[in-house]
Amino acid sequence: AREAALSTESARSRAAAGVGSVAEAAALAVAGDGARLLLPRRLSARASCAVAVRTVNGTDKLFEEG
């Protein structure tokens, strides 16, 4: 559902999970509706990560207490 918001494309990720970046898709999914990528996918030898934020009432929310 967040495919258009992804900024990177990995053939390996596409083949394994059906998305261009698992890290970016996961970050956007967890952040929820209205999320945007704050930091696109970053890679190391053993991991990848991405950071997303959600805008609520005009303010970026990094974490939401619940």
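The following conversation walks through a predicted model of one protein chain, from its overall layout to single residues.

Biologist: Before we begin, which rules apply to the numbering and to the atoms used?

Modeller: Residues are numbered from 1 along each chain as its sequence is written, and because this is a predicted model, local features need pLDDT of at least 70, side-chain atom pairs count only at pLDDT 80 or more, and totals for chains, interfaces and linings use all residues. Side-chain values use heavy atoms, with hydrogens and water left out.

Biologist: In what order do the elements of the protein chain run from the N terminus?

Modeller: Helices (H or I, at least four residues) and strands (E, at least two) are taken as DSSP runs and numbered from the N terminus. The protein chain has 2 helices and 3 strands. Read from the N terminus on, the order of these elements is α-α-β-β-β.

Biologist: What percentage of the residues of the protein chain count as buried?

Modeller: A residue is called buried under 20% relative accessible area, exposed over 50%, and partly exposed in between, with a 1.4 Å probe and protein chains only. The accessible surface of the protein chain, from the Shrake-Rupley method with a 1.4 Å probe and with only the protein chains shown counting as cover for residues, comes to about 4700 Å², of which 54% belongs to carbon and sulfur atoms. Of the 66 residues of the protein chain, the share that counts as buried is 30%.

Biologist: Which strands are included in what covers the buried residues of H2?

Modeller: Helix H2 spans residues 22-31, and its buried residues are Ala23, Glu24, Ala25, Ala27, Leu28 and Ala31. After H2 comes Gly32, whose phi is positive, near 95 degrees. Judged by contact, meaning heavy atoms within 4.5 Å, the cover over the buried residues of H2 includes strand S1 (35-43) and strand S2 (48-56).

Biologist: Which residue in S2 is the bridge partner of Arg42?

Modeller: Two strands are said to pair if DSSP finds at least two bridges between them, and S1 and S2 pair in the antiparallel sense over 6 bridges. These two strands form a hairpin, with 4 residues between them. Within this pairing, the partner of Arg42 in S2 is Cys49.

Biologist: Which element gives the largest share of the largest nonpolar core?

Modeller: A nonpolar core is a set of buried Ala, Val, Leu, Ile, Met, Phe, Trp, Tyr and Cys residues joined through side-chain atoms within 4.5 Å. The largest one here has 11 residues, among them Leu6, Val19, Leu37, Ala50 and Ala52. The elements that give two or more residues to this core are H2, S1 and S2, and the largest share, 5 residues, comes from H2.

Biologist: Leu6 belongs to that core, so is Leu6 buried or exposed?

Modeller: Leu6 is found in the segment before H1. Leaving aside neighbours within four places in sequence, Leu6 is in contact with Val19, Gly20, Ser21, Glu24, Ala25, Leu28 and Leu37. Because its relative accessible area is 14%, Leu6 is buried.

Biologist: What is the relative accessibility of Ser21?

Modeller: Ser21 lies in the loop between H1 and H2. Not counting residues up to four places away in sequence, Ser21 touches Leu6, Thr8, Ser13 and Arg41. Ser21 counts as buried because its relative accessibility is 1%.

Biologist: How far apart are the C-alpha atoms of Ser13 and Ala23?

Modeller: Ser13 lies in helix H1, and it is buried because its relative accessible area is 12%. Beyond its neighbours within four places in sequence, Ser13 is in contact with Gly18, Val19, Gly20, Ser21 and Val22. Ser13 and Ala23 are 10 residues apart along the chain, and their C-alpha atoms are separated by 9.4 Å.

Biologist: Which side chains meet in a salt bridge?

Modeller: Side chains of opposite charge can pair when their charged atoms come close. The rule for a salt bridge asks for a side-chain nitrogen of Lys or Arg within 4 Å of a carboxyl oxygen of Asp or Glu, and by this rule the count comes to 1 salt bridge. One partner counts as exposed because its relative accessibility is 51%, whereas the other is partly exposed, with a relative accessible area of 31%. The N to O distance is 2.9 Å, and the side chains are those of Glu9 and Arg14.
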